[in-house]
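User: I am new to this structure and would like a close look at a single part of it. Please take one helix and describe its surroundings, then place it in a wider setting.

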2 protein chains.
Amino acid sequence: MSAPSPVHAIIPFRPVNPKTRLSTVMDQEEREAFARAMLGDVISALKDAGCAPCLLSTVPFSSGDDDVATQIDTRDLNEALNAYLSRQQTPVLVIMSDLPLVTPDAIRRLVSCSADVGIVPGRGGGTNVLYIRKPQEFRVDYYGASFCDHVRIAEDAGLSYEVIDSFFMSTDIDEKEDLVEILIHGQGRSRRFLQEIGICLSLEQGRVGVQRSAHE
Amino acid sequence: MSAPSPVHAIIPFRPVNPKTRLSTVMDQEEREAFARAMLGDVISALKDAGCAPCLLSTVPFSSGDDDVATQIDTRDLNEALNAYLSRQQTPVLVIMSDLPLVTPDAIRRLVSCSADVGIVPGRGGGTNVLYIRKPQEFRVDYYGASFCDHVRIAEDAGLSYEVIDSFFMSTDIDEKEDLVEILIHGQGRSRRFLQEIGICLSLEQGRVGVQRSAHE
């Protein structure tokens, strides 16, 4: 059941002006710090699950973790990832950096799936994590309904696939409302960051949201 | 690992004028038919997972499935469910009827958890499914951030709990945007119903949504 060597996990990361849809509650500097906090949570979970994380960035960036190298590729996300996959001889995990709720258990469940490709959907037709056993036989196609595209790419390549059912991995953080999930379920740096800048839960007409206190 | 007798699964159901937030894309009659379709998907998954489903409704209603009885209780959801729990001697699953993506595998994962209470969060602090081993020692408190309330109730009662990580069970269908998930991931009656009334995926500026064709 256990992998002979650590699974390589590649994490695309945008250090500059990320998460612009959060601009209503965070300025650019805060969004950059928040993106680093979410990345830190993803890296922690990967390492706990025995994976070897590596960043993919268009600009030089250090996560501050000496175990985590950064590959620089200035091309578009799909081109850069597909170039990376074409160079790999062993199974690869492709995981987004905005999944701060991801747990080591969820990652272990994904990398122990028996199919050629494990696909973790995000909401709205997205793909949040991919586990690709034969990286040279698969290619990624993000944007739009990428979940459907990845299913089709696997089928066209004659590769089996399995959909991995995980709320924590399906929860990507893009909008203010998504922060609710971190405040309720998070246990890491992202949650602490939100608390530090005064973002907390609010209850309006029975529905849970977030608000930013005006104390600072 | 396997339970000696089928787990009783209670499904609160509102047959009349349900899912009012879907009014922008369905009239009342359609919303009632759609709610029955989602209920049908939930019942199928429960039966496939070896559970014995039972409905809880404020008005007389038949699911059309002879195996599925309806308990009528005119009280508020929490009162009705807590009265039900207080009468049970064996483990109980409480599952919402608007989870059409729920799979037998996800239910099996929930009922095989070793804790006293298995909690499946919904988005926004909700609780979508509960597995309660000792129903007389627990009580439910839906509405608001019920996930946090259920954690606290378990802790206060000295019961262990486990959070079950499932995208399919966390996906409750309340709003138009949620229908995307059924069209992408659904395989049952709910998906067929949406297709029959002409609801299909749309792609606007790279984001996946739904639209209703004007053919009818």
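Analyst: Helix α4 of chain B covers residues 146-156, and its buried residues are B:Ser146, B:Phe147, B:His150 and B:Ala154. Viewed along the axis of α4(B), these buried residues lie within an arc of 105°, so they line one face of the helix. Buried here means that 20 or more other C-beta atoms lie within 10 Å of the residue's own. The model is a predicted one, and the burial described here is computed from it.

The other side of α4(B) carries exposed residues: B:Arg152, B:Glu155 and B:Asp156. For a residue to count as exposed, 12 or fewer other C-beta atoms may lie within that 10 Å.

The cover over the buried residues of α4(B) comes from both chains. From chain B it includes the strands β5 (117-121), β6 (127-132) and β7 (161-163), and from chain A it includes α6 (179-185). Just after the helix, B:Gly158 has a positive phi of about 70°.

Chain A, which supplies α6 to that cover, can be described as a whole. Its secondary structure consists of seven helices and nine strands. The radius of gyration of chain A is 17 Å, close to the 17 Å given by the globule rule for 216 residues, so chain A is as compact as a globular protein of that length. Along the principal axes, its C-alpha atoms fill a box of roughly 55 × 40 × 30 Å. Of the 216 residues in chain A, 44% are buried. Among contacts in chain A with a separation of 6 or more, 63% are between residues 24 or more positions apart.

How values were computed. Residues are numbered from 1 along each chain as its sequence is written. Chains are lettered from A and ligands numbered from 1 in the order in which they are written. This is a predicted model: local features need pLDDT of at least 70, side-chain atom pairs count only at pLDDT 80 or more; totals for chains, interfaces and linings use all residues. Helices (H or I, at least four residues) and strands (E, at least two) are DSSP runs, numbered from the N terminus. The radius of gyration is taken over C-alpha atoms; the globule rule is 2.2 Å times the number of residues to the power 0.38. Two residues are in contact if their C-beta atoms, placed from the backbone, lie within 7 Å. The arc is that of the directions from the helix axis to the C-beta atoms.
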